[in-house]
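Here's a walk through the pockets and sheets of one protein model, written with a computational chemist in mind. Have the structure open as you read.

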Amino acid sequence: MSKKSVGITGIGASLPKKIVTNKDLESVVDTTDEWIRKRTGIEERRVLEVGQNLSDLGAQAGKDAISSANISVDEIDMIIVATGSPELIWPSTACLVQQKMGANSAAAFDLQAACTGFTYGIDIACQLLSSGGYKNILLIGAEAMTRYVDWSDRSTCVLFGDGAAAVVIGEVEEGLGIISSDLGADGNGSDLLEIPNSGSAITHDKLGDVIDQTIKMNGADVFKFAVRVIPATIESLLNKSGVMLEDISLIVPHQANKRITYSAAEKLGISKEVMVSNISKYGNTGAASIPLALFGLENEGRLEKGDLIITVGFGAGLTWGSNLIKWSKTS
Ligand code: ACO
């Protein structure tokens, strides 16, 4: 019996209304609009306001994805939320989203692979669906990065933004959909990018203290890691799949810095135009950045059924991952 084809059948996104421009940040830290644009490509980002939470964004993105897939919420049998900035440690953000969506038939869990979470989620969903145990999996990338940002650290606070985007993954026409994935991790680089005082690392003797739960990053080393790992995982993915780089219409990378994706394009020997970028509008939205970019492409009519695309993520852990997808969804 041949393996069934599974792929993206619906897509949605949800962003906070509040826009913070680079100019706005000039009054927060010692920075300039020019520095941020030139060094990162970011112009503005969305920020969750008090009273709004990650699960609100995730649930809205999920509802939109389900409606785009033309199915009912009861047909979702699993919700996976890829996030590195969960609303709470317990319960999972996926359970909060499930409750807000009324997706009562769905199992739900969070996937923590930082900014690589969406690419991990695609492979996990694909394996679960191919085994026949599930029919429709809702994979949401959702981040409240600005809640973990040190607003006095100019080398990190200008980079991040909030947002959520979701895909429904289910059976698609034979030959279309998710073809293969390449995932990896290297815990030796765990201290390059971390939120050190979080989770069970906070011991009881520290309870009651003011705890600094903000993102700490060695920007230069993360930059080098990303430029090395993007071409490496893409090459490994293509080798596994027997597909040539020339056959790829678009590469949708995690949006962390435009200079990272352009340097990776140069290393791969491909045009910058193949590397999708929406970082100017949203900054680094972690695990949400790839589905948010896919949502933009689908809505702009830049994806045709049958196009071969690659999604590629990297982030804390260190982690990385890529997926080869023959596009199945069209608006
Ligand atoms: N405004 C003005 N000056 C700044 C700012 C700022 N916002 N931030 C840093 N600078 C200064 C530095 O202090 C430094 O000044 P100095 O020379 O007087 O010491 C100077 O700019 C150059 O600093 P660099 O760190 O060399 O700047 P660089 O061009 O490398 O850019 C950046 C820094 C943007 C952080 C870059 O290293 C980067 O993008 N790294 C990767 C980040 C990343 O991808 N993170 C997330 C990945 S995974 C995930 O998403 C969780």
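Two strands count as paired here if DSSP finds at least two bridges between them. With that in hand, start at β1: 8 bridges join β1 to strand β7 (residues 162–171), and the two run antiparallel. To find the ladder on screen, look for G7, whose bridge partner in β7 is G170. Bear in mind that this is a predicted model.

**The five-stranded sheet**

That pair belongs to an open sheet of 5 strands, ordered β1-β7-β6-β4-β5, with mixed pairing. At the edges sit β1 and β5 (107–111), each of which pairs on one side only. From one strand to the next, the twist averages 20°.

Which helices lie across β1, β6 and β7? One is α3 (residues 54–68), running at about 130° to β1. Another is α10, which lies across β1, β6 and β7 at about 95° to β1.

**The four-stranded sheet**

There's also an open sheet of 4 strands, again with mixed pairing, in the order β8-β13-β12-β11. Its edge strands, pairing on one side only, are β8 (177–185) and β11 (250–253). Neighbouring strands in this sheet are turned by 15° against each other on average, ignoring direction. Helix α10 turns up here too: α10 packs on the sheet, touching β11 and β12, and its direction makes about 140° with that of β11. So α10 contacts β1, β6 and β7 as well as β11 and β12, as both descriptions use heavy atoms within 4.5 Å as contact.

Within the sheet, β12 and strand β13 (residues 319–326) pair in the antiparallel sense over 8 bridges. A handy marker is G315, which stands opposite T319 in β13.

**The pockets**

Now for the open space. Here's the pair of pockets side by side.

| Pocket | Volume | Lining residues by class |
|---|---|---|
| Largest | about 1,200 Å³ | 23 nonpolar, 18 polar, 7 charged residues |
| Second largest | about 240 Å³ | 8 nonpolar, 4 polar, 3 charged residues |

Take the largest pocket, at about 1,200 Å³. Of the 48 residues that line it, F160, L193, E194, I195 and I215 are the closest to its centre. The elements giving two or more residues to this lining are α2 (33–40), α6 (154–157), β9 (193–194), α7 (219–241), α8 (258–268) and β12 (308–315). Which element provides the largest share of that lining? That would be α7, with 4 residues. As for domains, the lining of the largest pocket takes at least three residues from each of domain 1 (6–175) and domain 2 (178–326).

The second largest pocket, about 240 Å³ in volume, has 15 lining residues, and N278, K281, Y282, G296 and E300 lie nearest its centre. At least two residues of its lining come from each of β1 (6–14), α9 (279–282) and α10 (289–299). Here α10 gives the most, with 5 residues. The lining of the second largest pocket also draws at least three residues from each of domain 1 (6–175) and domain 2 (178–326).

**Tying it together**

If you want a single element to follow around the model, try α10. This helix lies across β1, β6 and β7, packs on the sheet that holds β11 and β12, and gives the most residues to the lining of the second largest pocket. Strand β12 is another useful thread: β12 pairs with β13 and is among the elements that give two or more residues to the lining of the largest pocket.

Notes:
Residues are numbered from 1 along each chain as its sequence is written. This is a predicted model: local features need pLDDT of at least 70, side-chain atom pairs count only at pLDDT 80 or more; totals for chains, interfaces and linings use all residues. Side-chain values use heavy atoms; hydrogens and water are left out. On a 1 Å grid over the protein atoms alone, a cavity is a set of points where a 1.4 Å probe fits but cannot get out, and a pocket is an open set with protein on both sides within 12 Å along at least five of seven lines; lining residues have an atom within 4 Å of a point. Grid points are joined across faces, edges and corners, and a volume is the space filled by probe spheres set on the points. Ala, Val, Leu, Ile, Met, Phe, Trp, Tyr, Cys and Pro count as nonpolar, Asp, Glu, Lys and Arg as charged, and the others, Gly among them, as polar. Domain bounds come from an automatic or database domain assignment. Axes are lines fitted to C-alpha atoms, for helices over the stretch in contact, and angles run from 0 to 180 degrees between N-to-C directions.
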